Amino acid sequence: MDLKEYYQYYLTLHQNKKNRALHFLGQCATITYVTTVVYHQAWLLLLVAPFIVYPFAWSGHRIFEKNKPLALEGVKDGGKTTLKAKACDWLMFFNILRGKLSIW
């Protein structure tokens, strides 16, 4: 499955606007974290950056979607699904910014 097809599947697991809003907030928190780390030149702390979004996203899946995050599927396939899910998180973030997806 290419990324375009995977993203369509990804969106079926992110239909609830509150879940998407939590993902969006998590990505905003990630951007803020990375900006702060770079500003303070605390380079080692960048290793934590990919994980900032997870508490937001996973709670959205648990509370609103009642499904499991795709990132957890990566455990079974050596991380391939996790990387695709991470890419789709950012695609969804930019689509929300551009008004192509709603969180309201």
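**Helices, core and aromatic pairs in a predicted model**

Lysine 66 is exposed, having a relative accessible area of 65%. This description concerns a predicted model. Lysine 66 belongs to the loop between helix 3 and helix 4, and its phi is near 60°, a positive value in a residue other than glycine. A second loop residue can be described in similar terms. Glutamine 41 is placed in the loop between helix 2 and helix 3. Although glutamine 41 is not a glycine, it has a positive phi of about 55°. Glutamine 41 is likewise exposed, at a relative accessible area of 54%.

From these loops the account turns to helix 1. Helix 1 covers residues 3-12, and its buried residues are Tyr6, Tyr7, Tyr10 and Leu11. When the helix is viewed down its axis, these buried residues fall within an arc of 140°, so they line one face of helix 1. The general geometry of an α-helix is relevant here: with 3.6 residues a turn, residues three or four places apart point the same way. The elements that cover the buried residues of helix 1 include helix 2 (17-39) and helix 4 (80-97). At the start of helix 1, a side-chain oxygen of aspartate 2 comes to within 3.3 Å of the backbone nitrogen of lysine 4.

The buried face of helix 1 leads to the interior. The largest nonpolar core contains 15 residues, and those with the most contacts inside it are Tyr7, Tyr10, Leu11, Leu70, Met92, Ile96 and Leu101. At least two residues of this core come from each of helix 1, helix 2 and helix 4. Helix 4 gives the most to the core, with five residues. As a general matter, nonpolar side chains in soluble globular proteins tend to be buried together.

Tyrosine 7 allows a closer view of this core. Tyrosine 7 lies in helix 1 and is buried, with a relative accessible area of 8%. Apart from neighbours within four places in sequence, tyrosine 7 is in contact with Cys88, Leu91, Met92, Asn95 and Leu101. Although tyrosine 7 and aspartate 89 are 82 residues apart in sequence, their C-alpha atoms are 9.1 Å apart in space.

Threonine 81 offers another view of the contacts of helix 4. Threonine 81 lies in helix 4 and is buried, with a relative accessible area of 13%. Beyond neighbours within four places in sequence, the contacts of threonine 81 are Tyr6, Leu70, Glu73 and Gly74. Of these, Tyr6 is one of the buried residues of helix 1.

Aromatic side chains form a further theme. The structure holds eight aromatic pairs. In one of them, the rings of tyrosine 7 and tyrosine 10 have centres 6.0 Å apart and planes at 20°, so the pair is stacked. Tyrosine 7 and tyrosine 10 are three residues apart in helix 1, and are therefore separated by about one helical turn. Both of these tyrosines are buried. The rings of tyrosine 54 and tryptophan 58 also form a stacked pair, because their centres are 4.9 Å apart and their planes stand at 25°. Tyrosine 54 and tryptophan 58 are four residues apart in helix 3 (residues 54-65), and are thus separated by about one helical turn. At 13% relative accessibility tyrosine 54 counts as buried, whereas tryptophan 58 is partly exposed at a relative accessible area of 35%. The ring of tyrosine 54 has a charged partner as well: the charged end of lysine 86 sits over this ring, 4.6 Å from its centre. Elsewhere, ring pairs link Phe24, Trp90, Phe93 and Phe94 into a cluster.

The final residue considered is alanine 29, which lies in helix 2. Alanine 29 is partly exposed, with a relative accessible area of 23%; the value does not fall under the 20% that would make the residue buried. Apart from neighbours within four places in sequence, alanine 29 is in contact with Ile52 and Phe56. Alanine 29 and asparagine 19 are ten residues apart in sequence, and the C-alpha to C-alpha distance between them is 15 Å.

Note on methods: Residues numbered from 1 in each chain as written. Predicted model: local features only at pLDDT ≥ 70, side-chain atom pairs only at ≥ 80, totals over all residues. Heavy atoms only, no water. Buried < 20%, exposed > 50% of the residue type's maximum accessible area, 1.4 Å probe, protein only. Arc of directions from axis to C-beta. Contact = heavy atoms within 4.5 Å. Polar contact = N/O pair within 3.5 Å; in protein donor to acceptor, adjacent residues only side chain to side chain. Core = buried A, V, L, I, M, F, W, Y, C linked by side-chain atoms within 4.5 Å. Phe/Tyr/Trp six-rings, centres within 6.5 Å; stacked < 30°, edge-to-face > 60°. Lys NZ or Arg CZ within 6 Å of the ring centre and 35° of its normal.
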